[in-house]
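Subject: Structure for your review

Dear colleague,

Please find below the structure that I am handing over to you. My account of what was found in it follows directly after.

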Amino acid sequence: MGRKEERLGQALEVKVPSLFRCPISLDVMRSPVSLCTGVTYDRASIQRWLESGNTTCPATMLPLPSTDLIPNLTVQRLIHIWSASAAASASSPAAVLTRRVASDLLREINSSAADHDSAPALRKLADFFSSVEVDEIDKNDLVNAGGCATVLAPLLLRKDSKLEVSAAVTRVLALILTSDVVAESNKKIVVSALVSDLNRSISALVRLLRDEERLESRIDAAWVLDAIVAAAASDAEAKMLIAENEEMIGELVRLIGPADEKGTAMDCRAVEAGLGCLAGISSAKRARPRMVRLGVVEALTRVLGADPTVATAVAAGKALRIMEAVAGCAEGRAAICEEGASAVSAIVRRMVKAGREGAEAAVAVLWSVCHAFRDRRAVEALAAAEGGATKLLLVMQSGCSPAARQMAANLLKISRVDSKSCLAGYDTKTTHITPF
C-alpha cells in the first residue's frame, strides 16, 4: 500500500476491505484483473507471477488452461468509490488533481516562455498520473484528447532544456508508458511523438542516463527508452540507429550492473528498467558485439549473482535471455568464457529460479559455450558449479521444450561428474518438484 493510502487508513481507523486487496501483494489493487479461475489480482502482481513461468492460480493452485487477464471493472469501480470516499473524509493538505486542473497545467507548460518555469507544473502533472485516486478515464482522456504528447515531446527535445525540466518531463512520460490503466493506443500516441525525432529523443534521454546524481531520472529514462525500442522493432532504419548508439547502450549497461570505484550498489528498479531496454536492443544481431564490447556480459554476471531481492526471478529471466542473445555471436561467447567460473556459476545459480524461459535460456548459453564450442574453461566451470547436474535434471523434468531437454542431456554428459556426488542433494524419494 502507498504512503497516501496508509495515511488514509490511519486517519480513518478503518480496515481496507479484503475484496480490494491483491491476494499476492496484499496491497490495494490498482488494476484488478481476473483469471479463468475467478480469482481477482492486481495486474502487475499476477503478470510477474505468470512471467516467472508459473502455470497455476496463486490462490487456488489450480492449473490454468488460459492465462488471459480479464479486467474486473466492478471491483475497480468499487475501489475508486471507496478511495474517493476515504479521501473526502481524511484530512489531507493536498487535493486530488482533477482533469480540468491537469488540462490547465498542460496549457501552462505549453505557454511557458522559459522552460525552467514549467518544472513545478510538470511535477504536479506527474502527481496526476501517479495518483490512484484519479479515475483512469481522466488519465486516458488527457493523453488522448488532451494533447499531452504534443506538449511534452517538444519540451523534452528542446536543445536548451534544463536538466531539471528534462527530468520532470521524463517522469511524466514514464508514468504514462508504464501505467496499467493507460490504454495501449494512448501509449502509442506518446511513443509516436518521440519516435518522430528519434535521434533527439535518444540524445535527451541519454543525457539523463549520464546524470549519476538522479537515479530516479535514470530509471525513468530507461523506461521511456524501453518503449521507444519496442516501437522501433518493426522499423529497420530505426532499429539500426538504436543498435549503433554506443553511448546509450553503455549507459544502460552501467545502470543494471554498476562497477565503479565508488562501490555503487545495484537498485532493483534500475535493474528491471535497464534489462527491459537491453532485451529489446539485443534482438538486433548487429547490436550484440557492441553490447559485449561495452561490458554487458560482466554486468549480466553481476545481476545474476546478486541477491534475489535486487535481481528478482523476472529480472533474472530477462538477464538470461539477453545472455543467450549475446552468446549467439563469437564476441559474446568469448566474453562468457573469459568470465569463466563467475559467469557459469551465476548462470547455474539462477537456472531454476528465473521462470521456464529463463531456465531454457540458461541451458542454451551453457550448451553454446560447453558443447557447441567446447571451451575448456566453461566446461571446467560447469563441472565445478555447485548443484549443476541436479539443476540440469530439474530443467529436464520441468516440461521444458524438446530442444532444451536435449541440450541439458548433452551438458550432463559433458560435465563428467560422478553421479553419486553430483546427485547428493537430489532426493529420489521426492514426489513433488517445483523448480519454477
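L19, L78 and I81 together make a nonpolar patch of about 280 Å² on the surface. Please bear in mind, here and throughout, that this is a predicted model. Of the residues in the patch, L78 belongs to helix α3, which runs over residues 73–89. L78 is classed as partly exposed, because its relative accessibility is 37%, between the limits of 20% for buried and 50% for exposed.

Salt bridges

Searching the whole structure gives 19 salt bridges. One of them joins the side chains of E164 and R123, with an N to O distance of 3.2 Å. This pair connects distant parts of the chain: E164 sits in helix α8 (residues 163–177) and R123 in helix α5 (residues 119–130), and the two are 41 residues apart. E164 is partly exposed, with a relative accessible area of 35%. R123 is likewise counted as partly exposed, at 42% relative accessibility.

A salt bridge is also present between E184 and K187, whose closest N and O atoms are 3.6 Å apart. Why are E184 and K187 separated by about one helical turn? Both residues belong to helix α9 (residues 184–195) and stand three residues apart in it, so about one turn of the helix separates them. As for their surroundings, E184 counts as exposed at 52% relative accessibility, whereas K187 is buried with a relative accessible area of 10%.

R377 and D375 form a further salt bridge, in which the closest N and O atoms lie 3.2 Å apart. Here R377 is partly exposed, at 35% relative accessibility, while D375 is buried, its relative accessible area being 17%. Finally, salt bridges link E212, E251 and R254 into a network.

The aromatic pair

The count of aromatic pairs comes to one. How are the rings of F128 and F129 arranged? Their centres are 5.2 Å apart and their planes stand at 85 degrees; because that angle is over 60 degrees, the pair is edge-to-face. Both F128 and F129 are buried.

The nonpolar cores

F129 also appears in the largest nonpolar core, which has 121 residues; F129, I281 and V296 are those with the most contacts inside this core. Helix α8 gives the most to the core, contributing 10 residues. Which residues does V296 touch, if those up to four places away in sequence are not counted? They are V253, L278, M291, I322 and V326. Another core, of 17 residues, lies apart from the one just described, and among its members are L35, L64, L69 and W82.

The position of A153

A153 is placed in helix α7, which covers residues 148–157. Is A153 buried or exposed? With a relative accessible area of 6%, A153 is buried, because this value is under 20%. Leaving aside residues up to four places away in sequence, A153 touches A193 and L194. The C-alpha atoms of A153 and V169 are separated by 8.2 Å, and these two residues are 16 residues apart along the chain.

Backbone angles in two loops

Two residues deserve mention for their phi angles. L26 is not a glycine, yet its phi is positive, at about 65 degrees. L26 is located in the loop between α1 (3–12) and β1 (32–34). With 51% relative accessibility, L26 counts as exposed, because the value is over 50%.

R374, also not a glycine, has a positive phi of about 50 degrees. Its place is in the loop between α20 (355–372) and α21 (376–384). R374 counts as exposed, at 53% relative accessibility.

With kind regards

Terms used: Residues numbered from 1 in each chain as written. Predicted model: local features only at pLDDT ≥ 70, side-chain atom pairs only at ≥ 80, totals over all residues. Heavy atoms only, no water. Patch = residues over 30% accessible without salt bridge, like charges linked within 9 Å, V, L, I, M, F, W, Y side chains within 5 Å. Areas by Shrake-Rupley, 256 points an atom, 1.4 Å probe, with all protein chains shown as cover. Salt bridge = Lys/Arg side-chain N within 4 Å of Asp/Glu carboxyl O. Helix = DSSP H or I, 4+ residues; strand = E, 2+ residues; numbered from the N terminus. Buried < 20%, exposed > 50% of the residue type's maximum accessible area, 1.4 Å probe, protein only. Phe/Tyr/Trp six-rings, centres within 6.5 Å; stacked < 30°, edge-to-face > 60°. Core = buried A, V, L, I, M, F, W, Y, C linked by side-chain atoms within 4.5 Å. Contact = heavy atoms within 4.5 Å.
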